[in-house]
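Could you walk me through this structure in simple terms? I would like to follow how its parts are arranged.

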Amino acid sequence: MLNQLRRSPKGTIQALNILFLLFLSGGAFYALKAFHTFMDVYEMIILVGSVGFFSWLGWSWHHIKKIMILAFVFSLLAIGLYKGVLTNNQEIFFLKYFIASQSAIMWMNVLFILSLFLYWLGLLTKSGLIDNFASSFTSSAVVFGFIGLLVRWYESYLLGLDIGHIPISNLYEVFILFCLITSLIYLFYEEKFNTKKLGAFVLIIINAAVGFILWYTFDRNADGIEPLVPALQSYWMKIHVPANFLGYGAFAFAAMISVAYLFSTNKILSSYLPKLDVLDDLIYKSIAFGFIFFTIATVLGAIWAAEAWGGYWSWDPKETWALIVWLNYAAWLHYRIVKGLRGTILAWWALIGLVVTTFAFLGVNMFLSGLHSYGQL
Amino acid sequence: MLVFLGIASIIGTILKQNEPYESYIIKFGQFWFEYFQNIGLYDIYHNIWFLTILLFLVLSTTLCISKNSPSILRDFFDFKDSLEEKSLLSFSHHLVLENKSDVNLTKVLNYLKQSKFRVREKPKDNGDLLIVAKKGNYQPLGYIFTHIGVVVICLGGLMDGNLIFKTQELLGYKKIETLDIPASKVPEESRLSINNPSFRANMTLAEGSSGNVAFVRVKDGYLVQDLPFKITLKDFRINHYSTGMPKSFESDLIISDPELPNEVKKTISVNRPLTYKGIAIYQSDFQDGGTTLNAKLRSLFQSSPPQKIQGKIFEKVKLDNDQLTFEFNDFKKFNVLKLKEGEKEKSTNVGPSVTYKVRNNSGQAREFITYQYPIQIDGRLFFVSGVRETPQQDFRYLKIPADSNSSLDEFLLFKDALQNKSLVEDVARKIADQSATINKNKDLKGPFEDSVNKLMTLFSAGGFSKLAENIDNNIPAIEKEKAVQAYLKIIDIASSELYKKQVNLLNKELDQSQILFIQDALNAYSDMFFYGTPYYFDLTSYEQIEASGLQLTKAPGQFWVYLGSLSLILGIFAMIYLHERKLWLLIKSKGRVILAYSSNRKNVDFDRDFEKLTKEMQEII
Ligand code: HEM
């Protein structure tokens, strides 16, 4: 399907791009017109900015445009079906079984699990067809995930106008975000490097997150929507959290590619996997990408902290660990760039980097308490 | 190369060393956290480790910049158009084409421009032509931006790191105050001047009060920060969601500055601070500001009438006849509790609570928390009060069943009955009578009456645990089970009778809710003996006064930190996403063409670029 589209005449893609831009602007314009009384200036700037960002994303990467369009259309459909009544998610068939947020997220989970199996099957049988299936499954999972989050955003407003907020405020929600961002990063490189063999590895970490989501849902019943505590009521959340997860996602991706790299150097599956220097390059690129966004997120976090807690740096455990993660990857980049280090050591280091990152992401919430207490386990 | 190796090892040491230090700081932070939990903030700007690390980082990065920048800048401005054939041939990526006498120059130049190169032509004296082309040459500048950014951030951080006080303390001019004395009495050596360039301090204002000093918490003491203006708290509000969770904390502030004719009025809330005269004022927390309380003390062990007392948070009330002192510590108007653990139960607001200590004559105290209104537990309403001996313990709760008027009265009546000897005797006699009529056996009546009486007296004096003790001491193990059953049954029956008597329900059947009430009342009665005070604190009314916790920050380094961050981000972007490329094309008059290609990063992308370039060049030339 991808190849087909790439071959399609440039004109069609251009037209689609413009349509997409119009579609996004229309949505934003409607939101501004209908809800401007609920928004402050910064939120309007973010709204307009996100139109710019998403259309730029769509223009430069065709695949994500399709994902976004599908997600938006289905979310709008869900909103239409809800008709402003929350209990409709039990009444209306299509909502109940497909696109109410909880159901969409379940579909996302299922599709991710299936993708993992398919990618491994494709890898071991060297079957391009199965790989293609796996890839489409992953894309569909992403679509469902986005529907889940968007509809959840809407549902939160149905709970109460003052309760409504963007669904990136607790661990359950950000885990979904993590799955989505990591898979998008993967899909991007999959297309760019034309290799579907790495999905088998990347989908492992995504499925770990899926496992967490499932545990969180069924064991902890933590999938409910909670109102925001005062400290989180800020437009900063809308940029700080996604930027952070672009970082986490990229680091996780790099770590899984490192696993593939280490397999390959040890002659495990090496004939099935892309060449070593391709993997090496991928690891570098994704860590560099993650590093930028992690830097941005940390700086934004500092600015937000200055506004919410009265100081841009408080040595809150989360902050300190963000610094540790950051220094770790800064060191990684230096060793690679300055010293020209390559290969196994850096791959191991990227893998250890993931452990450090995971601790910053989860461990801090579990073992240390501080100002960032929004997502206690 | 050697220089680079050296640089790298320095970086390695810095960064590797950093991490243990950081984790060290975290542990330190945890330790501090215990102390500063109530303000929720602890900063380690004062930590000597932090300052050393910062200085080390600043120094080494500065060194690194000064080492590398000159060559980078030279490269940036220099087109390097003086290279000779020999040096071009020594490039790792080069290409030599022979027998090209008719090079189409315009085509080549166009191609280079299309590939976004900046091009310069330099004819040589010997008739050769050297074409130099560059692109992405902002990339090396990214190095400078990034590392200067790091230095600027660290310096900004140092500016706000309380260095002045630190040095003054080292030199012995200043000292941390550890005594709990009024701010005005704090001596000069523990005060920070109005002109202090940077600080992070806290102040607590009760509604209606004002202040012009703030406190900087340091280690186990504090410093007094004088402010150039006075802040008055007009009102403090907490808004709630429909679920009862807090939605916002807001303070209406009035700032009076002797230099200003008018006062500044402003409402601040979390995420919406006010900055005045370079001092940012944040909503940080809140507490009670001296709420007045009116309460009745309900005696648990005597049938005396309720005793009215009036108290105030942070003040003490002494009961002369009991030699007990009530110390009121906190009042909360809203308490949002999740009453069922773990289930998808919504949290509910159970209303006001008072936290207080009851201290006896010998100075020992227990801490209590009492909720004003009954709380629904398992579908029934209970007055709930917790007690603990030390702050580390969890509260143990006394749950007294509320009657149908949601009051304590019925329980207290019932308790009176249990403690009333003659009533208990009456009931014992009545039960013995009934049992004798049913069993048609008059001989057992006397002993039965006695044992009911004894049982009830035991229970009345110490609840179930007293009974258990009695059973343990007097009854052989095999018969225990049976005895317990019998005892409980008797207590049930006797209690029902007592209850009926007290609430005028004699000769009527009790309904299910009344039976449950009696059960709950018996449990509560038993627990009373572990409650630790002879009074139940029954809050009747209050007048709430809140206090707002403000944080005041002056951080001149903030600007520099932000500027440095911007430079850092731009620099990283430049380094990672711009690709520096340099190309030399030497067209010799004898038909030889030499192409050399270089970049400061020789990676996969560069190789790929070179391949593409050479292929396309060969086609053109
Ligand atoms: C916390 C401190 C530091 C941070 C955050 C930092 C950050 C960075 C980053 C992000 C890069 C770019 C990596 C890439 O292109 O992928 C870089 C490159 C570099 N850094 Fe640092 N750095 C720091 C300290 C230092 C120090 C102390 C030195 C020297 C002793 C140094 C020397 C270099 C050099 C030589 C490069 C390569 C420049 C190039 O070839 O483009 N850095 N640094």
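What is the site of the iron atom of the ligand like: octahedral or irregular? With angles of 84 to 178° among its six donor atoms, the site is octahedral. Keep in mind as you look around that this is a predicted model.

**The iron site**

The protein donors of the iron atom are the NE2 atoms of His334(A) and His147(B), which lie 1.7 to 1.9 Å from the iron. His334(A) belongs to helix 13 of chain A and His147(B) to helix 5 of chain B, so the pair joins two chains. This table sets out the two histidines, together with a residue we will meet again below.

| Residue | Helix | Relative accessibility | Class |
|---|---|---|---|
| His334(A) | helix 13 (residues 317-337) of chain A | 22% | partly exposed |
| His147(B) | helix 5 (residues 139-159) of chain B | 11% | buried |
| Ile185(A) | helix 9 (residues 171-192) of chain A | 8% | buried |

Because buried means under 20% relative accessible area, His147(B) counts as buried at 11%, while His334(A) counts as partly exposed at 22%.

**A pair of helices**

Now turn to helix 7 (residues 101-125) and helix 8 (residues 128-159) of chain A, whose axes come within 7 Å and cross at roughly 165°. The two helices are therefore roughly antiparallel to each other. Their crossing is left-handed, and their contact has 20 nonpolar, ten polar and three charged residues.

**One buried isoleucine**

Ile185(A) sits in helix 9 of chain A and is buried, with a relative accessible area of 8%. Val202(A) is 17 residues away from Ile185(A) along the chain, and their C-alpha atoms are separated by 9.9 Å.

Key. Residues are numbered from 1 along each chain as its sequence is written. Chains are lettered from A and ligands numbered from 1 in the order in which they are written. This is a predicted model: local features need pLDDT of at least 70, side-chain atom pairs count only at pLDDT 80 or more; totals for chains, interfaces and linings use all residues. Side-chain values use heavy atoms; hydrogens and water are left out. Axes are lines fitted to C-alpha atoms, for helices over the stretch in contact, and angles run from 0 to 180 degrees between N-to-C directions. Helices (H or I, at least four residues) and strands (E, at least two) are DSSP runs, numbered from the N terminus. Angles under 35 degrees count as roughly parallel, over 145 as roughly antiparallel, 65 to 115 as roughly perpendicular and the rest as oblique. A crossing is left-handed if the near helix is turned anticlockwise from the far one by less than a right angle, and right-handed if clockwise. Ala, Val, Leu, Ile, Met, Phe, Trp, Tyr, Cys and Pro count as nonpolar, Asp, Glu, Lys and Arg as charged, and the others, Gly among them, as polar. Donors are N, O and S atoms within 2.8 Å of the metal (3.2 Å for Na, K and Ca); water is not among the atoms, so sites may look incomplete. Four donors count as tetrahedral if all angles lie between 85 and 135 degrees; four count as square planar and six as octahedral if opposite donors are over 155 degrees apart and all others between 65 and 115; anything else is irregular. Buried means under 20% relative accessible area, exposed over 50%, partly exposed in between (1.4 Å probe, protein chains only).
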